[in-house]
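Student: I have a new structure to get to know, and I would like to understand the words used for it. Could you go through some of them with me?

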Amino acid sequence: MSGLRVWAPRAQRVDVVLGGPGPRTSAPMSRADDGWWAAPAPAPGTDYAFSLDGGPARPDPRSAWQPHGVDGPSRWFDPTFAWSDDAWPGRDVRGAVVYELHVGTFTRRGTLDAAAEHLHELVDLGVDVVELMPLAAFGGDRGWGYDGVGLWAVHEAYGGPRALQRFVDAAHAAGLAVALDVVYNHLGPAGNYLPELGPYLTDAHSTPWGPAVNLDQDGSAEVRAWIVENALRWFRDFHVDALRLDAVHALVDDSPEHLLAELSRRTADLAATLGRPLSLVAESDENDPATVTPLDTPAPGPDDRGTATRGATTRGTTESPAAGMPPRGMTAQWADDVHHAIHALVTGERHGYYVDFGTPEVLRHAMTRVFVHDGGWSTFRGRDWGRPVPPETDGHRFVVCASNHDQVGNRALGDRPSARLDVGGLAIEAALVLCSPFTPMVFMGEEWGASTPWQYFTDHQDPGLAQAVRDGRRAEFGSHGWGELYDGFAGATFVDGALVVPDPQARTTFDASVLDRAESHRGEHVRLRAWYRDLIALRRRTPDLTSGDLRATDLTWLGHDAAGAAAEAGVSAEAGSVAGAGAVAGARAGAASDVLVLHRGAVRVVVNLGRETARVGLDAPGDLDAAGDHAAGSGSRGAWSVLAAWDDVTVEDGAGVVLPPRSVAVLSPVR
């Protein structure tokens, strides 16, 4: 193991302070090159910290272990571990079934060791990749993890760094890859001592959290190395298979090589050395395919930037911030527009950023082009936004879901779709995600329709910070139509007309968010979990569903505002079927149709969102030409077999299928 090293370029003297709470000893460190200081490594398990110019002892910015919390000393960690995964081949995240979980609320014990005891359940479900929400050390015991400050450490309440090694080893033994959510775009408000050590932050750029992480100003080379080497260390010392990079649009970097491109290049080099695939998955609000474009692809020219940059529009000529940016080489990225298109259509919600979503036309755009905002007007943002995804792009480069931590936890009450939808609606959402051309992700408990909310919770020790978080949460949900959304909602409380938001600091808020595993063995929860398992298995064994070909994907429907769609798609309905759209208008205001058909090559996913039985006629397969368009007027019919169905369906010879209300079926032509 190497010795102790710390980057403190402004310090005149640095001492290493040995010992935890209680008696301590100190010794001067030696000045090295480029602002670094060095000292011999202590024995594994020794507590240590750094004192700059006689100041208070501060934890190591590269500490793997913070047993006394983010304000206490670090503990020297030896990463040597008796791994049993030498035969593990690795797993590329593209096309995998991903399962997102929060360690603290996945089990009552809330530790990595406790989570590992349930890995067999994920194997049974058909999961390929377990994605752990951030584990970096943060202030207090409870939190989502996005306010981490000890980015190299594993949160002590979860078991510390050795527990992560045990978890990954157990996952690999079970055939599961592990992805880790990491946050490099900001640092939390509690326990952040990095500015005392060096220019880790800069006022040259701003983010929603304040000054930006310094990626392009004086001293940025060492800050970038702090980030890149952290990422590589998770792959190397902890055998993690993928990293999910939080909100990369907030990584403000005007360097010749963007941090993401550097990280992509360095990760590829390490993958070649280790002999297994390593994936980088970005969360980005930029809606720009450059995020997932390989680094060796030429950057887009001035005429290849989406409709927002090609000339005047009725809304103006403002460019998206990502217009024309060079490739960044991420393996995949989250595609929130697909979630929004599904959620808004099935639930009828139109508040906040759902305002531009909720129709079959929008869902078709998302299913075939990924980004709904791909150069046109975004009402929520108040400007043109995004760039189009080239049709030849592999759909597996986009991670989609019906639920994730953001889309549940950032609601006022942390209510899941199961709090508003019947089980048929949940089954429909599952089919649209798991049968899509994208990389599907499931949020913990979603697979059985968990009734527990997943709320925003914190454990800040500073009373002033705790109150500021409470006040901010209340203010956030005083707009965007949240009060109207919860009017009449079971469990919602109003005081003087204002929606009461759960106190993030209350232990009860955290406790309410812990999964109730017992319910997964009861009633409709069992049935829904079996549906998820069946769809995942079907996706794996059916080539048309396994494919990420966007050009072999389409969505058709029957509706009053879809002129010619019935003839084009071969969709017909009983007399009551079209009226069924009005029958659920209160639940899905403005819906154009209750009968949808998702085309995946020759496979059809037929959806009935209505409250009445629908007869759906299907054209013969092969009705998509090479460009993904329907051959107009073919009208031919063929025999179909049911691959999976939420409810009993009737296949009519040469005509299609009869679906019960609120149901979905997956069909394939009879060969």
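Tutor: Let us take two helices and one sheet in turn, keeping in mind that this is a predicted model.

Student: How do you know that α6 reaches about as far as expected for a helix?

Tutor: Helix α6 covers residues 220-237, which makes 18 residues. Its span from first C-alpha to last is 25 Å, close to the 26 Å expected at 1.5 Å a residue.

Student: And what makes α6 "mostly covered"?

Tutor: A residue is called buried when its relative accessible area is under 20%. In α6, 14 of the 18 residues are buried, so the helix is mostly covered. Just after α6 comes H239, with a positive phi of about 60°.

Student: How many residues of α8 are buried?

Tutor: In α8 (residues 336-347), 11 of the 12 residues are buried. Among them are D337, H340 and L345.

Student: What covers the buried residues of α8?

Tutor: The cover includes helices α9 (360-369), α10 (405-409) and α11 (423-434), along with strands β19 (398-401) and β24 (595-600). Just after α8, G348 takes a positive phi of about 85°.

Student: How do you know that β1 and β5 pair?

Tutor: Pairing needs at least two bridges between the strands. β1 and β5 (residues 36-39) are joined by 4 bridges, so they count as a pair, and they run antiparallel. For instance, R5 has A38 of β5 as its bridge partner.

Student: Why do β1 and β4 stand at the edges?

Tutor: The open sheet has 3 strands in the order β1-β5-β4. β1 (4-7) and β4 (30-31) each have a single partner strand, so one side of each is left without a neighbour in the sheet.

Definitions and conventions:
Residues are numbered from 1 along each chain as its sequence is written. This is a predicted model: local features need pLDDT of at least 70, side-chain atom pairs count only at pLDDT 80 or more; totals for chains, interfaces and linings use all residues. Side-chain values use heavy atoms; hydrogens and water are left out. Helices (H or I, at least four residues) and strands (E, at least two) are DSSP runs, numbered from the N terminus. The expected span of a helix is 1.5 Å times one less than its number of residues. Buried means under 20% relative accessible area, exposed over 50%, partly exposed in between (1.4 Å probe, protein chains only). Contact means heavy atoms within 4.5 Å.
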